Each structure stands twice: as C-alpha cells, then as structure tokens.
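Q: Got a minute to go through this one with me? I'd like to sort out the fold, then the cysteines.

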Amino acid sequence: MNKYLNEQQYHPETLSVRAGAEMTEFGENSEALFLNSSFRFKNAAQAAARFGGTEPGNIYSRFTNPTVTMFQNKLAALEGAEQCVATSSGMSAILACVMGLCSAGDHVVASRSIFGTSVQLFSNILARWGLQVTFVSLTNLDEWQAAVTPKTKLFFVETPSNPLTEVCDIRALADIAHQTGAHLVVDNCFCTPAIQRPLELGADIIIHSATKYIDGQGRCLGGAVLGSKVLMEPVYGFLRTAGVTMSAFNAWVFLKGLETLFIRMEAHAKNALALATWLEEQPQVARVHYPGLKSHPQHALAMQQQSSGGGIVSFEVKPKAGQSLQEAAWALIDATKLISITANLGDAKSTITHPATTTHSRVTAEARVAAGISDGLVRIAVGLEHISDLKSDLISLSY
C-alpha cells in the first residue's frame with residue numbers, strides 16, 4: 001500500500017490509478033520493474049529474519065517481488081480484499097486456491113456453467129488427488145443446498161458465466177455456503193472490480209484471470225486469488241512452495257492495465273449493449289445472451305449486483321436450409337474480417353469464438369447440453385472498435 005495514500009478516502013477510479021504504488025529513492029512516478037530473481041540482505045541475521053517471517057521484505061521472486069507486490073496491493077484495494085496472491089495464470093489461481101484450502105477427500109460444489117478448462121481441472125486432475133466435486137446449476141439454489149456434504153469446503157462459481165452470461169445470486173449463495181461451513185469462491189473475470197465487487201455481496205474469495213480485462217490488450221498471462229489474510233495464508237503457502245508465480249514483467253503490465261480499467265470496462269459495456277440490442281433484431285439470430293438486456297433471465301439480479309452488463313455477448317444462430325447448427329455458426333465466424341477469431345477475451349480488439357469446439361471442446365457432449373452450450377452458440381468479447389464497424393462485420397446475420 002502506498003504509505004502516502006489513505007485508500008479509504010478515494011473512489012475506486014482513483015485507486016485504480018494510484019493505489020499500491022511504492023516509490024524507490026529515485027522518485028519515479030510510474031511503478032518500477034524489478035526483474036531480478038533474488039534480493040540481498042544486510043547480514044545473516046536479516047536473512048534469517050526474512051526467511052523466518054519475523055521481518056517483512058523481499059527474499060526471492062518466486063514468492064516476493066516488489067513489482068508483483070504493487071500489483072497485488074492495487075488489485076486488493078479495488079476488490080476491497082485484505083490480501084491478494086498473484087499467480088502465473090487464471091487457471092493457476094484456481095489451482096492455488098483449491099490446493100491451499102482443500103485436502104484429499106474434501107468436497108467442492110461447482111457450477112456446471114464454468115470455463116471448460118476449469119471443468120477439466122476439477123473433474124480430471126484434482127479428482128485424481130482425491131478431491132470430490134459435484135456440478136450443479138448456477139442459478140438453482142436448491143441444487144446447491146442438496147449437493148452439500150459434511151466434507152464440503154468450497155462453492156465455486158463464475159458470474160456472469162462463460163459463455164452464456166448466466167448470473168447467480170451471490171448473496172443468497174454465500175448464505176447457503178456459510179450455513180454449511182463452506183467458503184464461496186467467485187470468479188470475477190468477466191466483470192472485474194470495475195463492474196462487480198463480490199466480497200461486498202458476501203463472497204469469501206475472488207479469482208481473476210488477469211490475462212483478460214485487467215491486462216486489457218491481450219499481452220500477458222496472469223491470475224490472482226483475493227480474500228482475507230486468514231484464507232490467503234495457505235494459498236500463499238502453496239504458491240511459495242509450488243512456484244505458480246506471476247512474473248515481475250507481467251505484473252508491471254497489469255499495473256498499467258489497471259490504470260485504465262474503469263474507462264475501458266465502461267466502453268466495453270456500452271459497445272456490448274449496443275451490439276446485443278442489434279443482434280436481437282437480426283433474422284438469423286435465435287437468441288441473445290447478455291445480462292444488460294431486459295430479455296436476459298437474470299437481468300434484474302444482474303443490475304443489482306453489477307454496474308453494467310459487461311463486455312461479453314453470446315448468441316445462437318439459426319441455420320439456413322441444409323445447414324447444421326455448427327455449420328451455421330462456423331460460416332458466420334469465417335465471414336468476419338475485422339473481429340479476431342480467437343478464444344481469448346478482455347482485449348481491446350473484439351474476439352469471436354465457437355465455444356462448443358474451442359473453450360468447451362474437452363467437455364463431454366452431455367455436459368455441454370446440461371450447461372446449455374449448443375452447437376449454434378457463438379461468443380463475442382466486444383472490444384473497443386466503433387460499434388458500426390462491428391455490426392458491419394456481422395452483416396451476414398441480416399440475410
């Protein structure tokens with residue numbers, strides 16, 4: 001934390017620019033980039049104190065680095081968290097969270113409407129190490145309650161979900177988790193703290209893929225886990241030993257990304273709402289999924305929890321005569337010239353993907369059906385281009 005900054009008196013937009021910064025003796029106005037691997041000590045006693053935890057300070061960049069610390073402190077200030085643990089990617093953030101807080105034989109209840117790779121992590125890799133996982137509907141609270149066992153440690157959700165932008169009632173789900181002694185983990189990647197602050201709604205832990213909107217320009221990989229110091233201590237302990245570490249360079253890039261987070265997310269959401277509204281009017285579109293639309297099943301809830309609908313729009317295409325759903329979706333994607341065909345999101349550049357054959361391709365067909373991901377579903381992460389140009393790139397939907 002910047003020792004000259006009382007973070008309680010400033011708005012989040014100001015904190016995104018100013019929080020977390022520490023100045024060296026050179027007086028730089030932009031955060032310094034520390035690319036060194038280790039740090040020297042004044043003497044053997046100081047080295048022992050640092051390693052023993054009785055004196056704060058940097059030791060080795062696998063788990064202590066000044067640039068990474070500045071990123072952690074800035075993001076923690078924005079989310080209202082006591083501590084942030086930065087990791088090498090969004091997936092490593094989930095891994096660090098689970099490995100830090102769970103043991104073999106423990107149980108996790110997770111939404112079936114989560115990123116395909118997250119499903120693989122829970123159901124394949126972590127299951128091999130004795131973690132039990134039950135997948136339930138994101139929006140059906142009764143299913144969450146029914147899935148709880150005496151060994152349940154975590155509830156895990158993305159809200160809005162990937163790719164259907166379903167929204168769960170964070171406060172209600174937190175109440176169920178806490179009544180059973182579990183902690184609610186919310187992946188806040190789609191919204192970021194510029195749109196949604198899950199801890200204020202009762203969540204215990206926040207996960208981020210900093211790769212997405214926190215960076216904002218598709219440059220670097222990174223992740224973060226945030227929560228109370230008590231919950232973050234074992235997560236940090238796992239990172240210190242296992243080394244799922246954010247690089248100092250990536251942390252520096254993310255620091256720069258956070259400075260423009262609020263104005264970027266406002267622009268993403270403005271474009272996304274305009275595009276979603278236009279898509280609903282197109283004859284080749286069967287249904288549009290976007291929390292900012294009144295037609296969205298959880299629109300009212302989303303507008304209570306979020307300051308906007310965010311930047312992700314998904315929609316289902318209608319096949320033309322002789323086309324399958326997948327063929328119709330692929331034809332649309334292949335006809336675009338401006339929008340980037342890639343599965344990444346959160347970039348200034350709009351991206352388009354076919355979830356069934358990319359982000360969720362390793363999920364079984366049955367699981368995709370259960371999650372509502374059809375072969376005709378297309379996801380667009382709406383960027384910062386002019387909205388008229390984005391509509392023109394999707395003009396085939398008008399015929």
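A: Sure, here is a short run through the sheet, the helices on it and the cysteines. Keep in mind that this is a predicted model.

Q: In what order do the strands of the sheet come?

A: The order is 1-7-6-5-4-2-3. The sheet is open, has 7 strands and shows mixed pairing.

Q: Which strands are at the edges?

A: Strand 1 (83-87) and strand 3 (132-136). Each pairs on one side only.

Q: And what is the average twist from one strand to the next?

A: 20 degrees.

Q: How do strand 1 and strand 7 run, parallel or antiparallel?

A: Antiparallel, with 5 bridges joining strand 1 to strand 7 (residues 223-227). Among the bridge partners are Val85 and, in strand 7, Val225.

Q: Which strands does helix 3 touch?

A: Helix 3 (residues 66-79) packs on the sheet against strand 1, strand 6 (205-209) and strand 7. Its direction makes about 130 degrees with that of strand 1.

Q: What about helix 4, which strands does it lie across?

A: Helix 4 (residues 90-101) lies across strand 1, strand 4 (152-158), strand 5 (183-187), strand 6 and strand 7. It runs at about 150 degrees to strand 6.

Q: Switching topic. How many disulfides are there?

A: 0.

Q: Why is there no bond for Cys168?

A: Because the closest cysteine sulfur, in Cys191, is 11 Å from its own, too far for a bond.

Q: And is Cys168 buried or exposed?

A: Buried, because its relative accessibility is 1%.

Q: Where does that leave Cys189?

A: Cys189 is in no disulfide either. The nearest cysteine sulfur, that of Cys191, is 9.4 Å away. Cys189 has 10% relative accessibility, so it counts as buried.

Methods:
Residues numbered from 1 in each chain as written. Predicted model: local features only at pLDDT ≥ 70, side-chain atom pairs only at ≥ 80, totals over all residues. Heavy atoms only, no water. Pairing = 2+ DSSP bridges. Helix = DSSP H or I, 4+ residues; strand = E, 2+ residues; numbered from the N terminus. Axes fitted to C-alpha atoms, helices over the stretch in contact; angles between N-to-C directions. Contact = heavy atoms within 4.5 Å. Disulfide = S-S within 2.5 Å. Buried < 20%, exposed > 50% of the residue type's maximum accessible area, 1.4 Å probe, protein only.
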